[in-house]
Amino acid sequence: MIVLQQLINGLQLGSVYALIALGYSMVYGIILLLNFAHGDIIMVGGYIALLIISAGISPLVAVVASVAGCIVLACLIEKAAYTPLRSAPRISLLITAIGVSYFLENVAQLILGADPRVFPNTAVIPSVTYNVGGLNISLTTIVTLAVAVVSMAALTLLVQKTKMGKAMRAVSEDMGAAQMMGININRTITFTFAVGAALAGIGAILYCCRYPQVKPTTGYLLGLKAFVAAVLGGIGSIPGAMLGGLAIGVAEVVVTALGYSTWTDAVVFAILIVVLLVKPTGFMGASMNEKV
Amino acid sequence: MMLSVKDLNVYYGPIHAVKGVSFDVNQGEIVTLIGANGAGKSTILKTVSGLLKPKGGEVDFMDKKISGTAPHKIVELGIAHVPEGRRIFTKMTVEENLEMGAFTAPSASVEESKEQVFQRFPRLKERRKQTAGTLSGGEQQMLAMGRALMSKPSLMMLDEPSMGLAPILVEQVFDIIRELHEAGTTILLVEQNAQMALSIADRAYVLETGKISLSGTGRELAESESVRKAYLGG
């Protein structure tokens, strides 16, 4: 019973990681950029929701505004910071992403202060806990799992079935060939950032409902863990990011349940090291062999 | 004049790959560019389709300047590019590859174009649900050509379509090029297989280290002493 309880807790946390990891993986898949500013977009999403709810406006408006804000921010970053570097060496892009990350954290600190603020989580999801056959399941857990499943199903449909989704896959496999097909790669790349940011916005709300506080560095560790999840799943792979997120979430909760809660972060990064040593392509990453 | 390339100069960084090349393609022709590896043939095609920006000179299509236009807009104008090495989307299905070829076409016409391609390449129909990476080399070349046809191009540029194929498949590929031409598509063909290319071309240009060294009808060049020595094995 304890095992099942912890598994459910782990899946809740893991599905938040999965939503965020998807943004890392999709952007990497399309322009080979590890977008380290992705975590900080979550922080911004958290603040947007917090400020709107604190102003007494409906939480539903806050959720929508937060997701919309994340999308707009991600597209702005892509246009201002990454597009001009499209043909630059990849290391320049990576350093720029780290720079954007520090920029967002410091701007947030300048405007909102460094102290953590309490997130009004019960305004978004009421604090109710159900007892199902001896298991304690909170409404937050149920909503988190349901929203994550629906978001990931919607993403899968988008990528597999729609014209834009197919264009995303084509650009990620061969940008030059995609251009020869008449695909507008700038638009496709911006769209990818927007989709990743929408998932991050949803992830931000769900994360803040579980850990109800926001501070300028909220996105730092969360983003790094989601990055580990993306690598574990095989960076560039969408189902991989989902699996990797769930696995990291469960691993963290299990470590906590065993009484080593101060070790959770260390365990997550140990997983990263082991993956990079043993199977750098992750669960579902593309093999490096190319057909000649 | 359908396509007109005027005094084209293209660089890869410091390397001057195409040095003042001029040539024309008239509506309804098969024109071929032949030459050794590294002569600048592929570079010219990539510049026409907008993937590379020329440093000097210009490319006109249907009497409008297209150099400097974004590649996806050039596809919309009616130029399709079958790239060297085929570059199909190996992780996508055969059908999805064809849909990508029709990216600029109105979505209502996609099914019909697909059927037309399947009629021309029945093997692709059999394998429509397979991922393209599982196709044989010959089938992949068919897919690359079928994919280009999906945009209903008026000018089709083919870059080394015979590369890496068994002789019988090379014959097939050239038969298809001939058929497409008869159906009204203008063809610009880049080939190292000079003999095959000259046998179907109306006109041909020989490219040597970024410059055009010879031009004439396909037959003239096939009979020319210097071409025979350099490209046709004596």
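Which residue forms a salt bridge with Glu95(B) in which the closest N and O atoms are 3.3 Å apart? The partner is Lys114(B), and this tour will return to the pair after a view of the chain around it.

**Before starting**

This is a predicted model, in which local features need pLDDT of at least 70 and side-chain atom pairs count only at pLDDT 80 or more, whereas totals for chains, interfaces and linings use all residues. Residues are numbered from 1 along each chain as its sequence is written, chains are lettered from A and ligands numbered from 1 in the order in which they are written, and side-chain values use heavy atoms, with hydrogens and water left out.

**Stop 1: chain B as a whole**

Select chain B and display its C-alpha trace, which spans about 45 × 40 × 35 Å along the principal axes. The radius of gyration of chain B is 17 Å, in agreement with the value near 17 Å for a compact globule of 234 residues; the radius is taken over C-alpha atoms, and the globule rule is 2.2 Å times the number of residues to the power 0.38. A cartoon display shows 10 helices and 10 strands. These elements are DSSP runs numbered from the N terminus, with helices being H or I of at least four residues and strands being E of at least two.

Of the 234 residues in chain B, 54% are buried. Here buried means under 20% relative accessible area, exposed means over 50%, and partly exposed lies in between (1.4 Å probe, protein chains only). Chain B exposes about 10,000 Å², of which carbon and sulfur atoms supply 49%; the areas come from the Shrake-Rupley method with a 1.4 Å probe, and for residues only the protein chains shown count as cover.

**Stop 2: strand 3 of chain B**

Next, select residues 30–34 of chain B. Five of the five residues of strand 3 are buried, so the strand is largely enclosed by the rest of the structure. Ile30(B), Thr32(B) and Ile34(B) lie on one side, and Val31(B) and Leu33(B) on the other.

Add residues 186–191, which form strand 8 of chain B; five bridges join this strand to strand 3, and the two run parallel. Then add strand 9 (residues 203–208), which also runs parallel to strand 3 and is joined to it by four bridges. Two strands are taken to pair if DSSP finds at least two bridges between them. Ile34(B) is a useful residue to centre on: it stands opposite Glu191(B) in strand 8 and opposite Val206(B) in strand 9.

**Stop 3: helix 1 of chain B**

Move to residues 41–48 of chain B. Seven of the eight residues of helix 1 are buried, so this helix is largely enclosed by the rest of the structure. Among the buried residues are Lys41(B), Ser42(B) and Thr43(B). Gly50(B), which follows the helix, has a positive phi near 90 degrees.

**Stop 4: the salt bridges around Glu95(B)**

Now show the side chains of Glu95(B) and Lys114(B), which form the salt bridge named at the outset. Glu95(B) lies in helix 3 (residues 94–101) and Lys114(B) in helix 4 (residues 110–120) of chain B, so the pair ties together parts that are 19 residues apart in sequence. A salt bridge is a side-chain nitrogen of Lys or Arg within 4 Å of a carboxyl oxygen of Asp or Glu. Glu95(B) counts as buried at 9% relative accessibility, and Lys114(B) counts as buried at 1%.

Add Lys129(B), whose side chain meets that of Glu95(B) in a salt bridge (3.1 Å, N to O). Lys129(B) lies in the loop between helix 5 (122–126) and helix 6 (137–149), so its pairing with Glu95(B) in helix 3 ties together parts that are 34 residues apart in sequence. Lys129(B) counts as exposed, at 64% relative accessibility.

To extend the selection, include Lys166(A), Glu99(B), Glu111(B) and Arg128(B), which are linked with Glu95(B), Lys114(B) and Lys129(B) in a network of salt bridges.

**Stop 5: Arg127(B) and Glu139(B)**

Select Arg127(B) and Glu139(B), which form a salt bridge with the closest N and O atoms 3.0 Å apart. Arg127(B) is partly exposed, at 22% relative accessibility, whereas Glu139(B) is buried, at 9%. Over all chains, a search of the whole structure finds 21 salt bridges.
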